[in-house]
Amino acid sequence: MNVLWIVIDCLRPDHLGCYGYRRNTSPHIDRLARQCVRFNQMISPHIPTQPAHTTLFSGHDVFDHQVVAQGGAHELEPEVRLLPDLLRERGYFTAAVDNIGRWIEPAFERYEKYPRWDHQGSLPWRNGEEVTARAVSLLGEAAVRKQPYFLFLHYWDPHTPYLPPPPFDRMFYTGDEKDPAHTSMEAVWQSPWFANYFAEWMEGVRDIEFVKAQYDAGIAYSDACLAHVFNRLEELGLDDDTLILLQADHGEELDEHGCWFDHHGLYDTNVQVPFLIRYPDRRDAGVVVEEMTTLLDVAPIVAETLGFPELAAGMRGASPAAPTPAVYLTECTWMRKRGWRTPEWKLIEALEPDIYGKPSVELFHLASDPGERRNCAAERPDVVAELAAARDAHVTRRLAETGRPDPLLAQADALRIWQPRFAAGKRG
């Protein structure tokens with residue numbers, strides 16, 4: 001069995017048609033979704049991109065792999081093996097179209113790197129076409145090889161800055177985003193952290209709905225690019241022999257919590273991601289999984305499906321899950337926070353002052369407030385204490401099991417890499 005694993009960076013499930021979105025952002029993904037198992041509560045426990053992908057490919061948590069920050073100095077320890085590397089040892093042709101680099105690159109036999117945006121804000125980004133062209137070429141090569149393939153595709157186009165190319169660039173917006181009558185961007189432009197960066201790619205914009213529409217247009221562009229990959233898969237006769245996974249590494253903040261156009265904060269807008277899995281025989285097509293799952297589960301699922309239960313068992317044994325059902329959350333790039341999520345509650349604690357001035361402790365009752373709009377920490381100290389105790393017990397247990405430091409504390413200097421660049425308007 002072959003594997004086609006697609007990650008669309010920053011993609012929120014609630015902006016896809018197959019998850020009920022009002023805009024037609026994803027017709028080709030929606031078509032695929034009808035043949036898939038759909039997960040409605042897939043959680044990315046360690047954000048942003050580098051921690052998320054390390055978790056995704058290893059099946060290990062942050063206490064094991066120690067990758068807690070974007071662009072931090074820590075390198076992955078050699079004993080933490082990634083799934084593509086393990087599959088290569090078992091006879092798979094492993095290839096990726098990606099540009100994370102670091103420890104992800106050497107895990108693949110073939111690693112097709114493509115240029116990222118230049119942050120000038122002067123041109124639309126056509127990264128999706130770069131990925132698709134290389135993907136189609138690799139599929140052609142895989143089709144003539146006498147071995148199964150594992151192909152990873154990383155699409156970045158919904159990622160900030162939102163600069164979708166024509167004809168997608170104004171697909172969901174028809175007004176004048178710079179009309180002085182609009183005032184919804186006033187708070188955004190007052191941000192000491194991000195105003196300079198935003199000015200690089202949306203100077204003069206006054207309507208926040210325009211920016212949200214551009215994010216959606218980036219999704220539509222990625223979706224159109226994926227159509228070519230799906231078509232080529234069928235043309236080569238690989239469709240019925242390929243396990244397809246489509247998901248995001250993390251989500252995106254679009255002003256729901258007074259955070260803007262990036263992926264910082266442990267709200268579900270950032271940590272809840274889409275996850276679709278299509279089996280070659282289309283089994284379980286249309287099944288919806290409502291139980292909370294995490295990126296830690298994905299690599300073991302793939303290993304088991306491919307017939308390597310020993311790999312799945314090794315991954316699950318290395319990073320035992322938190323007491324079910326609960327997820328330990330971390331971020332340590334733009335802000336340093338940790339969280340504890342159950343199906344009913346979310347506890348978020350800031351280990352350094354929040355750059356938006358938010359409280360150091362936030363508690364949300366997800367059952368009645370799924371949008372996490374009302375912080376009830378002050379009125380429910382009993383729940384805060386209960387969740388904090390469960391979280392701390394989990395941390396203590398994992399530190400004892402791994403014998404490694406808590407990376408959220410040991411790597412706090414990773415924040416210093418990003419904060420000056422943000423204030424100067426430099427995102428990458």
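# Exercises on a predicted model

**Exercise 1. Which residues of helix α7 are buried, and what do they pack against?**

Step 1. Start with the burial list: in helix α7 (residues 195-202), the buried residues are A195, Y197, F198, W201 and M202. Please keep in mind throughout that this is a predicted model.

Step 2. Now look down the axis of α7: the buried residues fall within an arc of 155°, so they line one face of the helix. A general rule helps here: an α-helix has 3.6 residues a turn, so residues three or four places apart point the same way.

Step 3. Next, find the partners. The buried residues of α7 pack against α6 (186-189), α8 and β9 (260-262).

Step 4. Finish at the end of the helix, where G204, just after α7, has a positive phi of about 80°.

**Exercise 2. Work out how helices α5 and α8 are arranged, and what their contact is made of.**

Step 1. Two packed helices are described by the angle between their axes and the distance between the axes. For α5 (residues 127-144) and α8 (residues 208-235), the axes come within 9 Å and cross at roughly 10°.

Step 2. Apply the cut-off: angles under 35 degrees count as roughly parallel. Helices α5 and α8 are therefore roughly parallel to each other.

Step 3. List the residues on each side. From α5 come N127, G128, E129, T132, A135, V136 and L139. Their counterparts in α8 are Y221, C225, L226, H228, V229, R232 and L233.

Step 4. Sort the residues of this α5 and α8 contact by character: eight are nonpolar, four polar and two charged.

**Exercise 3. Which parts of the chain does the salt bridge of D239 and R278 tie together, and are the two residues buried or exposed?**

Step 1. Confirm the pair: the side chains of D239 and R278 form a salt bridge, at 3.1 Å from N to O.

Step 2. Place each partner. D239 sits in the loop between α8 and β7 (242-247) and R278 in strand β10 (residues 272-278), so the bridge ties together parts that are 39 residues apart in sequence.

Step 3. Check the surroundings: D239 and R278 are both buried.

**Exercise 4. Describe two further salt bridges, E372 with K346 and E379 with R374.**

Step 1. Take E372 and K346, whose side chains meet at 2.5 Å, N to O. This pair links distant parts of the chain, with E372 in the loop between β16 (361-365) and α12 (381-402) and K346 in strand β15 (residues 345-350), 26 residues apart.

Step 2. Look at burial for this pair: both E372 and K346 are buried.

Step 3. Turn to E379 and R374, a salt bridge with an N to O distance of 2.8 Å. E379 has a relative accessible area of 47% and is partly exposed, and R374, at 49%, is also classed as partly exposed.

Step 4. Widen the view. Across the whole structure there are 40 salt bridges. One network of salt bridges links R81, D85, R88, E89, R90 and E310.

**Exercise 5. Where does E304 lie, and which residues does E304 touch?**

Step 1. Locate E304 in helix α10 (residues 298-305). Its relative accessibility of 43% makes E304 partly exposed.

Step 2. Leave out residues up to four places away in sequence, and the contacts of E304 are A312 and R316.

Step 3. Compare E304 with R134: the two are 170 residues apart in sequence, and their C-alpha atoms are 28 Å apart in space.

**Exercise 6. Where do the cis peptide bonds I47 to P48 and T160 to P161 lie, and what are the phi values of Q66 and R102?**

Step 1. Recall the background: most residues other than glycine have a negative phi, and most peptide bonds are trans.

Step 2. Take the peptide bonds. I47 and P48 are joined by a cis bond with omega of about 5°, and P48 lies in the loop between β3 (46-47) and α2 (49-58). The bond from T160 to P161 is cis too, with omega near 0°; P161 is in the loop between β6 (149-155) and α6.

Step 3. Take the phi angles. Q66 has a positive phi near 70°, belongs to the loop between α3 (62-65) and α4 (83-89) and is buried at 5% relative accessible area. R102 has a positive phi near 50°, belongs to the loop between β4 (93-97) and β5 (110-112) and is partly exposed at 28%.

Note on methods:
Residues are numbered from 1 along each chain as its sequence is written. Side-chain values use heavy atoms; hydrogens and water are left out. Axes are lines fitted to C-alpha atoms, for helices over the stretch in contact, and angles run from 0 to 180 degrees between N-to-C directions. Helices (H or I, at least four residues) and strands (E, at least two) are DSSP runs, numbered from the N terminus. Angles under 35 degrees count as roughly parallel, over 145 as roughly antiparallel, 65 to 115 as roughly perpendicular and the rest as oblique. Contact means heavy atoms within 4.5 Å. Ala, Val, Leu, Ile, Met, Phe, Trp, Tyr, Cys and Pro count as nonpolar, Asp, Glu, Lys and Arg as charged, and the others, Gly among them, as polar. A salt bridge is a side-chain nitrogen of Lys or Arg within 4 Å of a carboxyl oxygen of Asp or Glu. Buried means under 20% relative accessible area, exposed over 50%, partly exposed in between (1.4 Å probe, protein chains only). The arc is that of the directions from the helix axis to the C-beta atoms.
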